[in-house]
Amino acid sequence: MTLRQSIVFNGDLGSGKSTVSIEIAKRLGLRRVSVGDLYRQMAQERQMTALQLNLHAELDHAVDGYVDQLQQDIAASGERLVMDSRLAWHFFTDALKVHMITEPSEAARRVLARPSGPAESYTSLEEAKVKLHERSESERGRFIVRYGVDKARLRNYDLICDTTRANPEQVIEHIVDVYEGRLGADVLRDGAPLLLLDPTRVYPTEEVGALRGLWDSGFVGEVARAGDEALEPLGIGYTGRYFYVVDGHRRLSAAIQNGFPLVPARLVAEADEPVVGGMRAVDYFAAQVRPSTVYDWEAAHGTRLPLPEHCLLAGDAVLAGDSAPGA
């Protein structure tokens, strides 16, 4: 098959972009360019933190201008490479565009645990979590104003990979399989982003009691023997914060029961896009996901899902630390 020219990475701070992009470049024998390293060097030279440089860049266009020109020149060169950059997906056309995500507390834990320099240091998990969010939102706002693009929109990318529970080798194997056409080719051919999600972070939209076949040991065993890459992709909705099942509860349950760290899916709708019966993705999630939906799914699978905001406002929600109904 014909390979894409390059692989470009962006995503959440602490999602493992550097580790994964370095190893993929080695495995494929490609040069790697990291814009993040360049920004950290620029911050250190100016005696700023990474967040301070981001805020400074909102006013001084020369900061982004230099890096943008560098990326445009590389994209125009036609060189096949691996690019670790917040905005390379905007400049590259013939590339596999990979967006990596992870749960915010896990991202903060990773960043806090790694060696830090003057451009990026935190004193606590909570500070790291807050500062990482501030940096991400600063970048997002700057990109919207300057380029008219929203980095949080999933349809900007070909592949979204959740690294919350998957180790680097598992992430690398899956991304290389996508790049070389062994995984998700049909999803990408249809123009929908391929999602590789942590199944324990996906919300159900139906009550457990109404679902048939969740505990079919034959099916669960078949899924275990075939592995996650052989699973038919789930149909997924996205609110802008939460992923939820549109189609595939049984497959999702089997993935959780087998302990898979990743499950393949296709994006059906995000945010204001229509998902079912013309209902927006955000409205469908609010209508379908109730506290009991979450509690019963958790009890059935031994997982934990944070209650979404609309559930916290519901009359049957319980406070953190209390027992769920029927517990």
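**Figure 1. Pro291 at the start of helix H13.** Pro291 is buried, with a relative accessibility of 3%, because the cut-off for burial is under 20% relative accessible area. In this predicted model, Pro291 belongs to helix H13, which covers residues 291-301. The C-alpha atom of Pro291 lies 7.9 Å from that of Leu312, although 21 residues separate the two along the chain.

**Figure 2. Arg290 and its salt bridge to Glu207.** The closest N and O atoms of Arg290 and Glu207 are 3.1 Å apart, and the two residues form a salt bridge. Arg290 sits in the loop between helix H12 (281-288) and H13, and Glu207 in the loop between strand S7 (202-203) and H10, so the salt bridge ties together parts that are 83 residues apart in sequence. Arg290 has a relative accessible area of 38% and is partly exposed.

**Figure 3. Arg27 and Glu173, a link between two helices.** The structure as a whole contains 26 salt bridges. In one of these, Glu173 pairs with Arg27, with 3.1 Å between the closest N and O atoms. Glu173 is in helix H8 (residues 168-179) and Arg27 in helix H1 (residues 17-28); the two are 146 residues apart, and their pairing links distant parts of the chain. Are these two residues buried, exposed or partly exposed? Glu173 is partly exposed at a relative accessible area of 34%, and Arg27 is likewise partly exposed, at 41% relative accessibility. Through shared salt-bridge partners, Arg27, Glu169 and Glu173 are joined into one network.

**Figure 4. Glu139 and Lys151, a salt bridge between buried residues.** A salt bridge joins the side chains of Glu139 and Lys151, with an N to O distance of 3.1 Å. Glu139 is part of helix H7 (residues 125-147), while Lys151 is in the loop between H7 and strand S5 (159-162), so parts that are 12 residues apart in sequence are tied together by the pair. Both Glu139 and Lys151 are buried.

**Figure 5. Helix H10 and its two ends.** Helix H10 consists of residues 217-226, and its buried residues are Phe219, Val220, Gly221 and Val223. These buried residues of H10 pack against helix H11 (249-257). At the N-terminal end of H10, Asp216 acts as a cap, with a side-chain oxygen 2.9 Å from the backbone nitrogen of Gly218. Just after H10 comes Gly227, which has a positive phi of about 90°.

**Figure 6. Trp297 in the largest nonpolar core.** How many residues make up the largest nonpolar core? It has 59, and Trp297 is among those with the most contacts inside it, together with Met83, Phe92, Leu195, Tyr203, Ile236 and Phe243. Beyond its neighbours within four places in sequence, Trp297 is in contact with residues including Val202, Pro204, Leu214, His249, Ile256 and Leu305. A second core, separate from this one, has 27 residues, including Leu28, Ile172, Tyr179 and Leu183.

**Figure 7. The sheet and its edge strands.** Ten strands form an open sheet with mixed pairing, in the order S2-S3-S1-S4-S5-S6-S10-S8-S9-S7. Strand S2 (31-34) and S7 are at the edges and have a single partner strand each, so one side of each has no neighbour in the sheet. The partner of S2 is strand S3 (residues 81-84), to which S2 is joined by 4 bridges in a parallel arrangement. Within this pair of strands, Val33 stands opposite Met83 in S3.

**Figure 8. Strand S10 between S6 and S8.** Strand S10 (residues 263-270) is largely enclosed by the rest of the structure, because 6 of its 8 residues are buried. Strand S6 (residues 194-197) runs antiparallel to S10, and 4 bridges join the two. In S10, Pro264 is the bridge partner of Leu196. Strand S8 (residues 234-238) runs parallel to S10, with 5 bridges between them. Here Gly235 stands opposite Arg266 in S10.

**Figure 9. Residues 319-327, a stretch with pLDDT below 50.** The average pLDDT of the chain is 88, and 88% of the residues score at least 70. Across residues 319-327, the pLDDT is below 50, and this stretch has 6 contacts in the model beyond near neighbours in sequence. Predicted coordinates should not be read in detail where pLDDT is low.

How values were computed:
Residues numbered from 1 in each chain as written. Predicted model: local features only at pLDDT ≥ 70, side-chain atom pairs only at ≥ 80, totals over all residues. Heavy atoms only, no water. Core = buried A, V, L, I, M, F, W, Y, C linked by side-chain atoms within 4.5 Å. Buried < 20%, exposed > 50% of the residue type's maximum accessible area, 1.4 Å probe, protein only. Contact = heavy atoms within 4.5 Å. Polar contact = N/O pair within 3.5 Å; in protein donor to acceptor, adjacent residues only side chain to side chain. Salt bridge = Lys/Arg side-chain N within 4 Å of Asp/Glu carboxyl O. Pairing = 2+ DSSP bridges. pLDDT = per-residue confidence, 0-100.
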